[in-house]
Number of protein chains: 2
Amino acid sequence: MAHGSGGTQMSSLIRDVFTSAYGNELLLTGDDAAVLEITALQEPGARLAFSTDSYVVTPHFFAGGDIGRLAVCGTVNDLATSGAQPLYLSLGFILEEGFELDSLRRITASIAAAAQEAGVRIVTGDTKVVERGKGDGIYINSSGVGLIAPGVALSGRSCLPGDTILLSGTLGDHGITIVSAREGLRFEAPVESDAAPLGELVQAVLAAAPRTRCFRDPTRGGLASTLNELAQQSHTCMLVDEDAVPVQDAVRGACDLLGYDLYHLANEGKMVAIVPPEQAEDALAALRHNRYGEEAAIIGTVTAADEQGLLHSPELPRTQELPRTAVARALVRTALGTLRIMDVLTGEQLPRIC
Amino acid sequence: MAHGSGGTQMSSLIRDVFTSAYGNELLLTGDDAAVLEITALQEPGARLAFSTDSYVVTPHFFAGGDIGRLAVCGTVNDLATSGAQPLYLSLGFILEEGFELDSLRRITASIAAAAQEAGVRIVTGDTKVVERGKGDGIYINSSGVGLIAPGVALSGRSCLPGDTILLSGTLGDHGITIVSAREGLRFEAPVESDAAPLGELVQAVLAAAPRTRCFRDPTRGGLASTLNELAQQSHTCMLVDEDAVPVQDAVRGACDLLGYDLYHLANEGKMVAIVPPEQAEDALAALRHNRYGEEAAIIGTVTAADEQGLLHSPELPRTQELPRTAVARALVRTALGTLRIMDVLTGEQLPRIC
């Protein structure tokens, strides 16, 4: 508890663990706020992106990552969705009394590595300690700021019927990794979390396809939440081709076995991009050229919605009558050509996935 | 738990509780990052301040405030210490399963009121839910960005021997309020938390005393931590006149009764300012003219330190020999003219004070 009191033990914790892992001249000033000189913001039309996320994932360590890597990648990716180049992060730790310093050191080392990979700097932070039984080892908040270049104006509201839906890689890896870690499951081909910082990937797509409408990272709630939100924001429908969605065999197998809906599973290193059709191939090439997008694919199309938000596109096969009471904002075309609704998750599927 | 899953229940929680309390057009875009156009940053020399704090205070509600008001004021004040005008906040909630929606509504209403009082907007947020027994009702992280005007360059490293130490009001009110709430104590004159947003107060001092060296808000660890940190950053000593420190009688009485050191008590609406002597009176007048600084006072002087960081000022009364082994960075001159060391808090005094 003394490590959270603002006194000498807290100072030594900060010095020995946090600044030794990811110290830099901005963090080390010792002032209460970081002072950031972002000269690119002087350019007319440049804007600031600002985002926040708290991480409560359990277990803290899993194949392909840990809570520290998530805390960096998640917030970097939220910034990246706005078209921003992520620049600076803050970190707020809530530690439970008794949490092992060795685990904390592993996590801060992972944070340092992920920050370097993402090209961002940790510039300000905070540590609180709560009593045993009032936390779960460690919770981390990370907030971040990034730079949006003049002319970049992305929003989920900009999707138009006819636009192409791209996905940067395989779906469900993070979700199934966490399930396996919790349940002690093993697969023949091991599944790892996809946690990755996608700032560079987004910049590459924007350079290749400057008319990109928006990006989204399908984390909690999965692709289903992402596409339904985009449809709602832009008053369109999202139509996904089931066969076109990249999935690892082990993930598909785990979904079948355990009854998870692939489209509800969380991802931590994937990006959805909505791009006008004439730039879709360029965007796809840019994705595939990036180290985090090698398995990218075009997975569907934005279509028109009627006033009730229902699918409205005459050329679509209507082999299956859709329930007129439901608001069908996202749909999947199965291998058989039938349509089914890509429901938003209701209730809880996998709590504390990130 | 479903409220944290990223699905429909989470959407309705966000809509019904958060955006209904403090929604604005930036928060309501529904995108993952807020896009901020801060045209004043186009001016050469303007800089961005960025800060973060997590709030784990218990109880959640207390005289003069609650965890929501703290979450706004604390981060606003951290930004203000850099000389910044606080502009935008993010909020990250970690809710424990079963936390009452009514309490959450009271807290978000308090956040909205405090944000209005502070002149800041909540522009981005995140909500996580953890299982019963893995939290304590509610934890809040707030991060913030603010604008530092060209020419403002404050740092704890700038304090010089001869500078004046100012305090914006009475010490210890927040700390004693929390103790009383926990222990069920009552005082004749009720004590309330001083939680207040001090962005305007800082701007007023800067306008009146532009050569101000730095500001600090003495929160966790109290005035003792603040002055010892400043002394360490600037290689000086801090000498405080005990008689000059504003304290409410009830707070002084509670300290005597309960054995708390006034200088270790947390404050949530007070500012320390270090100002060159020729601008000290102007700074004091500006503080007293502000609604949050009416009881401001000059409480001491920055003095020279020798190489060991010990007090080194020939004109000081040396009626008490200081222990040469200790590093005496902050000292108190008592009413009797003797000196005693203002120790940094070691161990824990009042856990989860903010």
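**Questions on strand pairing, a helix and the contact of two chains**

Me: In this predicted model, what makes β10(B) and β13(B) a pair of strands?

Reply: β10(B) is joined to β13(B) by 4 bridges. Pairing requires at least two bridges, so these strands qualify as a pair. They run parallel. One position in this arrangement is Met238(B), which faces Ala330(B) in β13(B).

Me: What makes β13(B) and β14(B) a pair, and in which sense do they run?

Reply: There are 3 bridges between β13(B) and β14(B), residues 339-341 of chain B. At least two are needed, so the criterion is met. The sense is antiparallel. Val332(B) has Arg340(B) in β14(B) as its bridge partner. In the hairpin that these strands form, 5 residues lie between them, and Gly337(B) adopts a positive phi near 90 degrees.

Me: Why is α6(B) described as mostly covered?

Reply: Buried means under 20% relative accessible area, and 11 of the 13 residues of α6(B) are buried. Among them are Gly222(B), Leu223(B), Leu227(B), Leu230(B) and Ser234(B). The buried residues of the helix pack against β8, β9, β10, β11, β12 and β13 of chain B. Both strands of the parallel pair β10(B) and β13(B) are included in that list.

Me: How do you know what span to expect of α6(B), and what is its span in the model?

Reply: The expected value is 1.5 Å times one less than the number of residues. For the 13 residues of α6(B), 222-234, this gives 18 Å. From first C-alpha to last, the helix reaches 19 Å, which is close to that expectation. After α6(B) comes His235(B), with a positive phi near 55 degrees.

Me: What makes the relation between chain A and chain B a two-fold one?

Reply: A turn of 180 degrees, with a shift of 0.0 Å along the axis, lays chain B on chain A with an RMSD of 0.0 Å. The two copies are therefore related as by a two-fold rotation axis. The contact residues agree with this picture: 100% of those of chain B recur in chain A, and the same surface serves both copies. Gln42(B) is the residue of chain B that comes closest to the axis, its C-alpha lying at 1.9 Å.

Me: How many residues take part in the contact of the two chains, and what area do they bury?

Reply: Contact is found between 80 residues of chain B and 80 residues of chain A. The chains bury about 6000 Å² between them, and 54% of this is on carbon and sulfur atoms. On the side of chain B, the residues that lose the most area to chain A are Asp32(B), Phe50(B) and Arg220(B), which together account for 13% of what that side buries.

Me: Why is the pair Lys134(B) and Asp136(A) called a salt bridge, and what does it join?

Reply: The closest N and O atoms of the pair are 3.6 Å apart. The limit is 4 Å, so the pair counts as a salt bridge. Each residue lies in the loop between β6 and β7 of its own chain, so the pair joins two chains. Lys134(B), at 30% relative accessible area, is partly exposed, whereas Asp136(A), at 16%, is buried.

Me: Which other salt bridges link the chains, and how many are there between them?

Reply: The count between chain B and chain A is 9, while the whole structure holds 31. One of those between the chains is formed by Arg352(B) and Glu131(A), at 2.6 Å from N to O. Asp53(A), Arg220(A), Asp126(B) and Lys128(B) are linked in a network of salt bridges.

Me: What makes Arg213(B) and Asp163(B) a buried salt bridge, and which parts of chain B does it tie together?

Reply: Their side chains meet at 2.8 Å, N to O, and the limit is 4 Å. Arg213(B) lies in the loop between α5 and β9, and Asp163(B) in the loop between β7 and β8, so the pair ties together parts that are 50 residues apart in sequence. The threshold for burial is under 20%; Arg213(B), at 14% relative accessibility, is buried, and Asp163(B), at 2%, is buried also.

Notes: Residues numbered from 1 in each chain as written. Chains lettered and ligands numbered in written order. Predicted model: local features only at pLDDT ≥ 70, side-chain atom pairs only at ≥ 80, totals over all residues. Heavy atoms only, no water. Least-squares fit on C-alpha atoms with pLDDT ≥ 70 in both. Contact = heavy atoms within 4.5 Å. Buried < 20%, exposed > 50% of the residue type's maximum accessible area, 1.4 Å probe, protein only. Buried area = accessible area lost by both parts, 1.4 Å probe.
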